[in-house]
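Here's a quick walk through this model, strand by strand and pocket by pocket. Keep the structure open as you read.

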Amino acid sequence: MYTIPSTDLILNADGSAYHLNLLPQDIADTIILVGDPDRVTEVSKHFDSIELRKGKREFITHTGYMAGKRMSVVSTGIGTDNIDIVLNELDALVNIDLKTRVVHQELKKLNLVRIGTSGIVQADIEVDSLLVSEAAIGLDALMHYYKHALTEEQEQMLSAFAYALPQEIVHRPYLSIADEYLLKTLGEGIQQSVTITAPGFYAPQGRQIRAQSTMPQLLDIIEKFKFKNKRITNLEMETAGIYGMATALGHRAISFNVLLANRITDKFSTQPAEIMDRYIVEVLSRVARL
Ligand SMILES: O=P(O)(O)O[C@H]1O[C@H](CO)[C@@H](O)[C@H]1O
Ligand SMILES: O=c1cc[nH]c(=O)[nH]1
């Protein structure tokens, strides 16, 4: 039986996961993922009861009940490098015996639901609307470190996009896909499209403040890209990593994007906190029915 080495799966003195500071009993099978640690309270304030509050660094967790359903909310911080940590450690909590360091015979499937902010790259999509990522293209490198497979059509779309990208982007993008069951059950009636996960907020999302971008045409390329009936609608910084890691580990994942900025029409939400709260309530009410 394979025992995972103690420097591969590092535990704290109390036996909790190294970065998340959590024990297996601390998390529910349905987990809301948010980037901003302050958003954890904004989510859990809608729970009927909270049984656990723990944290370390940017990784804050609250677990409780809403409408009889046990759920956790975990903050990931920004970026797919953090997603690597959060998804591997959440998976270890449910699928590895932390005392023997042996993988359980029966594996658990977590429901992972991101609620995050995002910027729009199409003029016809409204600021303050909600969008579900049916797929996400990663411009970061995370999933190049993990085995993952695509269908032929997905490979074709990825190749077409890779071909359109500026040559300054030296590594190939990757593509990862939402869980079909969660798309149907939680995403019904909400606009669904392809998201780009960027490895930064400024030049990697076509922004320029003072530091000069090497590829000022990036936003235009993303806006104009089409593959069959698909286009790219929005930019954020975690979804491709969440979908890729969830698939690699056998979990279900879906990403809800609260669209606060339209990069084409140059509009930003005038009431971001209220809009986020409205969609937290909407998503939680759907999740509670899972
Ligand atoms: O609102 P959150 O969940 O943090 O998500 C988005 O906002 C952050 C950038 O401001 C990135 O994490 C991006 O993905
Ligand atoms: O434009 C945006 C807005 C939110 N989050 C991002 O990553 N980009």
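## Strand β12 and its partners

Leu235 in β12 is the bridge partner of Gly119. That pairing belongs to β7 (residues 111-120), which runs antiparallel to β12 and is joined to it by two bridges. Bear in mind that this is a predicted model.

There's a parallel partner too: β10 (residues 191-197) is joined to β12 by four bridges, and Thr195 stands opposite Asn234 there. Then comes β11 (residues 226-227), antiparallel to β12 and linked through two bridges, with Lys226 opposite Arg231. The hairpin of β11 and β12 leaves two residues between the strands, and Lys228 takes a positive phi near 55° in it. So is β12 enclosed or open? Five of the seven residues in β12 (residues 230-236) are buried, so the strand is largely enclosed by the rest of the structure.

## Around the two ligands

What surrounds ligand 2? Its shell is made up of Thr117, Ser118, Gly119, Phe201, Gln205, Leu235, Glu236, Met237, Leu260 and Ala261. Two or more of these residues come from each of β7, β12 and β13 (252-262), and β7 has the largest share, with three. Sorted by class, the shell around ligand 2 has five nonpolar residues, four polar and one charged.

Ligand 1 sits among Val34, Gly35, Asp36, Ile78, Gly116, Thr117, Phe201, Glu236, Met237 and Glu238. Here the split is four nonpolar, three polar and three charged. Thr117, Phe201, Glu236 and Met237 appear in the ligand 1 shell as well as the ligand 2 shell.

## The β2-β3-β4 run

Strand β3 (residues 59-66) has antiparallel partners in β2 and β4. Seven bridges tie β2 (residues 49-56) to β3, with Leu52 partnered by Thr63. On the β4 (residues 69-75) side there are six bridges, and Met66 has Lys69 as its bridge partner.

Both connections are hairpins. Between β2 and β3 there are two residues, and Arg57 in the turn has a positive phi of about 50°. The hairpin of β3 and β4 also has two residues between its strands, and in that turn Ala67 has a positive phi of about 50°. As for burial, six of the eight residues in β3 are buried, so this strand is largely enclosed by the rest of the structure.

## The nonpolar core

In soluble globular proteins, nonpolar side chains tend to be buried together. In this model, the largest nonpolar core has 69 residues, and the ones touching the most other members are Ile31, Ile32, Val113 and Ile242. The element giving the most to this core is β13, with seven residues. Leaving out residues up to four places away in sequence, Ile32 touches Val43, Met71, Val73, Val113 and Ile115.

## Helix α2 and Asp97

Does α2 come out regular or irregular in length? At 1.5 Å a residue, the 16 residues of α2 (residues 80-95) should span 22 Å, and the end C-alpha atoms are 22 Å apart, which agrees. Its buried residues include Ile83, Val86 and Leu87, with Asn88, Glu89 and Asp91 also among them.

Asp97 is in strand β5 (residues 96-97). It has 14 C-beta neighbours inside 10 Å, so it counts as partly exposed. Not counting residues up to four places away in sequence, Asp97 touches Val102 and His104. Ala160 is 63 residues from Asp97 in sequence, and their C-alpha atoms are 43 Å apart in space.

Notes
Residues are numbered from 1 along each chain as its sequence is written. Chains are lettered from A and ligands numbered from 1 in the order in which they are written. This is a predicted model: local features need pLDDT of at least 70, side-chain atom pairs count only at pLDDT 80 or more; totals for chains, interfaces and linings use all residues. A residue is buried if 20 or more other C-beta atoms lie within 10 Å of its own, exposed if 12 or fewer, and partly exposed in between; C-beta atoms are placed from the backbone. Two strands pair if DSSP finds at least two bridges between them. A residue is near a molecule or strand if its C-beta atom, placed from the backbone, lies within 6 Å of it. Ala, Val, Leu, Ile, Met, Phe, Trp, Tyr, Cys and Pro count as nonpolar, Asp, Glu, Lys and Arg as charged, and the others, Gly among them, as polar. The expected span of a helix is 1.5 Å times one less than its number of residues. A nonpolar core is a set of buried Ala, Val, Leu, Ile, Met, Phe, Trp, Tyr and Cys residues joined through C-beta atoms within 7 Å. Two residues are in contact if their C-beta atoms, placed from the backbone, lie within 7 Å.
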